[in-house]
Amino acid sequence: RWYPYGSKIVSLLDILYNSPCHRISNAQMSMFLWVLKEMNVPETPSLYGFIKIQGTLRRCNGVVTHQYKLAHGNNYYQNDVGTIIAHDYMNPLVCPEICHYPEIPDGPVSELWHSHWFQKEMDPNMLTPMYVAANGIQHYYVGELAQLRTEELVLPICWIMFQGKLHAESFPISGLAKICNRDEDIILVQVSDLMRNFFDLQHNHAIPPFEGWISASHPFHSMPNALRELAQGDPLYTSFVDLFGNDVSGNKSKSWNKHNNLYVTHRNLPRQILQQDFHIHFLSTSQHASVPEQIEGFKAQIDSTHAHLVRIRHAVTGQHIRFRLFLNAEPMDNPMQSKASGHIGGNSNCSCRKCKVGGTHREKITNNSYNSLFYVCYFHAITVTLREVIVQVSQACTGVSARVEERQKASGVKDGYTEPWIANLINCARALKVQDHTRSQESIYSELMDWVTNNWDNSIRTFVSQVCFDPTQDTPVENLHTVLLGVVKYIWYKSWSTWSSAEKKQYAQRLQATDTHGLNIPPIRANYITQYANSLVGRQLKTIGQVSVFQVHDLVQPKVLHVWRGVGLLMALLWIPEIDNMDQYTADVDIATANVLDLFSILDPTKIIWKSKLHLLLHASGDTRRFGPLVGLSTESYERFNQVFRQCSVFSNHLAPSRDIAHQLANQESLKHRVTGGWWKTSNEPKSTPRGVDTQEGDKEENVTCQWVQAGVGVWDLIRGNADIWDTLGWNDSQPERPVLRNGVHRC
């Protein structure tokens with residue numbers, strides 16, 4: 001009943017100790033245990049015994065924490081992203097919500113899998129490559145011949161949902177031997193019409209010889225699909241994650257204690273669910289390793305799931321499945337997105353990380369260059385960024401820093417990971433020249449370039465070469481930092497900074513009297529807003545952005561009022577959660593954005609030059625087509641999760657904070673999984689084998705017995721109907737129904 005705790009009191013203490021929203025210290029836990037012992041509560045453990053139980057639970061079903069040692073000398077610890085996403089598949093509350101296939105929406109566009117990028121532009125190799133027939137035996141893969149019930153042959157290239165049913169976008173097979181490989185020849189086949197897969201056709205000798213070839217947009221040149229061998233007979237799915245990086249203070253006080261953090265979310269889940277703290281997952285933190293350096297470890301984990309698929313028990317079907325991970329997007333604040341994409345930053349000559357607009361200040365004040373800031377220029381590409389980084393490394397080998405700086409200013413490329421290596425190379429070149437004045441610059445250059453070639457993987461950031469991911473384009477425009485903390489803040493400062501004390505008081509009275517019916521905002525604190533007008537946060541700027549146009553009509557100049565109107569209309573468009581007509585919507589966003597830029601240029605022309613966020617608005621419509629409604633990429637939920645991290649930072653041992661905080665938050669992930677009915681595997685595998693995730697090699701080991709288990713029914717009964725417990729776990733929606741809890745265990 002109380003598995004894996006052994007008693008009710010230990011399960012209660014575990015929930016108390018590892019609750020994400022109410023972290024307590026060891027000293028506080030020691031006092032709680034003392035009180036329980038004084039009350040003669042049976043089976044109360046000592047603090048040492050309780051910590052020992054925590055270690056046992058971590059080894060049993062915890063999240064694996066990896067140590068990474070960087071060539072720069074920085075060490076950090078990172079939780080295993082494969083185990084974290086596996087928890088979603090093994091949790092009966094979360095697993096039914098996972099969407100595996102893109103969808104042609106029969107209504108408004110509201111989710112990531114409704115986007116044009118998922119349906120038409122994404123490499124089919126990244127999507128879920130197979131479909132399991134209703135009999136549970138036949139597996140149909142993309143790039144493999146299949147036969148319909150009409151005995152026609154087709155070549156599926158993508159699985160897609162349409163009108164609530166799964167279909168296969170397929171190339172028809174013309175005659176006996178030729179593939180109709182034009183995109184306009186693609187047909188939509190309902191999966192229930194499929195009768196034989198590739199192996200069935202092969203067994204019946206029904207595969208014709210080929211004369212045609214598949215178009216370059218669908219590069220399947222061999223059968224069977226290579227992923228079939230990796231899956232080893234198990235269903236194979238693809239999961240996408242969003243990566244958030246930020247620098248956060250580890251203190252609750254105003255004293256700045258910088259930590260570089262990484263969080264992830266599972267984007268196969270609906271947008272509404274992802275707004276809950278329950279589905280924000282901590283990866284790593286470090287006071288020394290930068291976000292680009294930590295991303296290198298994350299990339300290594302992502303890539304490892306491609307070669308060694310993660311094998312787990314599906315919470316709904318009870319069958320073994322495998323999955324792999326891909327990175328979808330990096331919704332961060334603008335400076336961090338620039339670092340992640342190898343961009344020099346928003347205050348540079350080339351101020352846009354997504355396109356090549358820009359120039360020197362002297363150039364920008366000319367008519368042609370100034371006019372170009374109102375349009376999207378040629379897009380950046382990560383391949384071009386990588387070539388530029390290589391050129392900068394080559395220039396650093398000459399020992400002349402001015403050459404590197406000129407390249408960075410001219411191209412707008414400055415990779416945070418490679419920058420320390422560039423500085424080291426410049427210093428080494430100068431030191432070699434000082435040691436031997438007779439050496440030529442060519443010999444020094446040749447020696448350093450040989451060193452770079454031999455240490456290529458350490459000196460060049462491999463993350464820029466992530467498969468099917470371009471950080472220059474997959475860093476979307478983000479509403480909080482670009483609109484609220486950008487455009488709204490600009491016009492808000494332009495307004496209140498000119499008001500007298502009487503005008504501020506009048507505005508506060510009007511703002512406090514605002515009828516908030518129909519507005520999904522917290523109660524308005526008008527006096528606070530006017531008193532701390534220069535220090536407002538996102539939720540306060542979100543309020544004044546919606547209502548101020550009705551309060552400032554006689555308090556500002558007409559030009560300022562026009563900007564308020566334009567910004568209010570743009571906000572209303574960008575915060576739409578469902579889009580009925582994508583073409584019409586993106587056209588409206590483009591017009592509203594152009595109006596805002598025109599109005600700002602009338603009010604203050606220099607804003608267009610110095611404020612790169614205004615130009616970034618031009619990319620909002622393109623990002624909406626690529627990722628769906630931008631509210632689904634908002635970072636408010638990540639920023640809110642900083643509270644959970646900060647509590648763990650305050651109560652860490654402060655000796656090895658990266659490791660200690662990673663362990664604490666890994667324990668919280670495990671607690672959420674245990675108490676909500678999630679499955680995990682117990683076995684007699686060696687301690688070095690990661691727990692909770694069964695890899696394909698682990699099944700081949702001899703003398704290994706493993707069982708899939710859940711927490712006892714008593715654990716679920718503790719939290720059932722207790723809204724406070726669900727809130728501490730970060731599940732803020734209505735309490736879910738009781739998951740299917742089975743007595744006993746299931747063998748692998």
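**Exercise 1. Overall build**

What radius of gyration would a compact globule with 748 residues have, and what does the chain have?

*Solution.* Keep in mind that this is a predicted model.
- Step one: for 748 residues, a compact globule would come out near 27 Å.
- Step two: the chain has a radius of gyration of 28 Å, which agrees with the globule figure.
- Step three: look at the C-alpha trace, which spans about 85 × 75 × 70 Å along its principal axes.
- Step four: check burial, where 55% of the 748 residues turn out to be buried.
- Step five: take the contacts between residues at least 6 apart in sequence; 71% of these join residues at least 24 apart.

**Exercise 2. Parts list and surface**

Work out how many helices and strands the chain has, and how much of its accessible surface belongs to carbon and sulfur atoms.

*Solution.* Start with the secondary structure, which comes to 30 helices and 20 strands. Then turn to the outside: the accessible surface is about 32800 Å², and carbon and sulfur atoms account for 52% of that.

**Exercise 3. The largest pocket**

Find the largest pocket and say which element gives the largest share of its lining.

*Solution.* Rolling a probe the size of a water molecule over the atoms shows where empty space is left.
- Step one: the largest pocket holds about 1600 Å³ of space.
- Step two: 48 residues line this pocket, and the closest to its centre are L480, V537, G538, R539 and E636.
- Step three: the elements that give two or more residues to the lining are β12 (236-249), α8 (271-274), α18 (479-496), α21 (538-547), α22 (558-574) and α27 (636-650).
- Step four: α21 gives the largest share, with seven residues.
- Step five: sort the lining by type, and you get 18 nonpolar, 19 polar and 11 charged residues.

**Exercise 4. The second largest pocket**

Do the same job for the second largest pocket: which element gives the most to its lining?

*Solution.*
- Step one: about 660 Å³ of space lies in the second largest pocket.
- Step two: its lining has 35 residues, with N334, P335, M336, S338 and K339 the closest to the centre.
- Step three: at least two lining residues each come from β13 (258-266), α9 (291-307), α10 (334-340), α15 (419-435), α18 and α25 (612-616).
- Step four: α10 gives the most, namely five residues.
- Step five: by type, the lining splits into 12 nonpolar, 12 polar and 11 charged residues.

One thing to spot on the way: α18 is on the list for the largest pocket, and α18 is also on the list for the second largest pocket.

**Exercise 5. Backbone oddities**

Track down a cis peptide bond and two positive phi values, then say where each sits.

*Solution.* Some background before you start: most residues other than glycine have a negative phi, and most peptide bonds are trans.
- Step one: go to the peptide bond from Y3 to P4, which is cis with omega near 5°. P4 sits in the segment before α1 (8-18).
- Step two: check Q163, a non-glycine residue whose phi is positive, near 55°. Q163 is in the loop between β7 (153-162) and β8 (165-174).
- Step three: decide whether Q163 is buried or exposed. Its relative accessible area is 53%, and the cut-off for exposed is over 50%, so Q163 is exposed.
- Step four: move on to Q232, which is not a glycine either and has a positive phi of about 55°. Q232 lies in the loop between α7 (226-231) and β12.
- Step five: Q232 has 39% relative accessibility, so it counts as partly exposed.

How values were computed. Residues numbered from 1 in each chain as written. Predicted model: local features only at pLDDT ≥ 70, side-chain atom pairs only at ≥ 80, totals over all residues. Heavy atoms only, no water. 1 Å grid on protein atoms, 1.4 Å probe; cavity = no way out; pocket = protein on both sides within 12 Å on 5 of 7 lines; lining within 4 Å. Points joined across faces, edges and corners; volume = space filled by probe spheres on them. Helix = DSSP H or I, 4+ residues; strand = E, 2+ residues; numbered from the N terminus. Nonpolar A, V, L, I, M, F, W, Y, C, P; charged D, E, K, R; others polar. Rg over C-alpha atoms; globule rule 2.2 N^0.38 Å. Buried < 20%, exposed > 50% of the residue type's maximum accessible area, 1.4 Å probe, protein only. Contact = heavy atoms within 4.5 Å. Areas by Shrake-Rupley, 256 points an atom, 1.4 Å probe, with all protein chains shown as cover.
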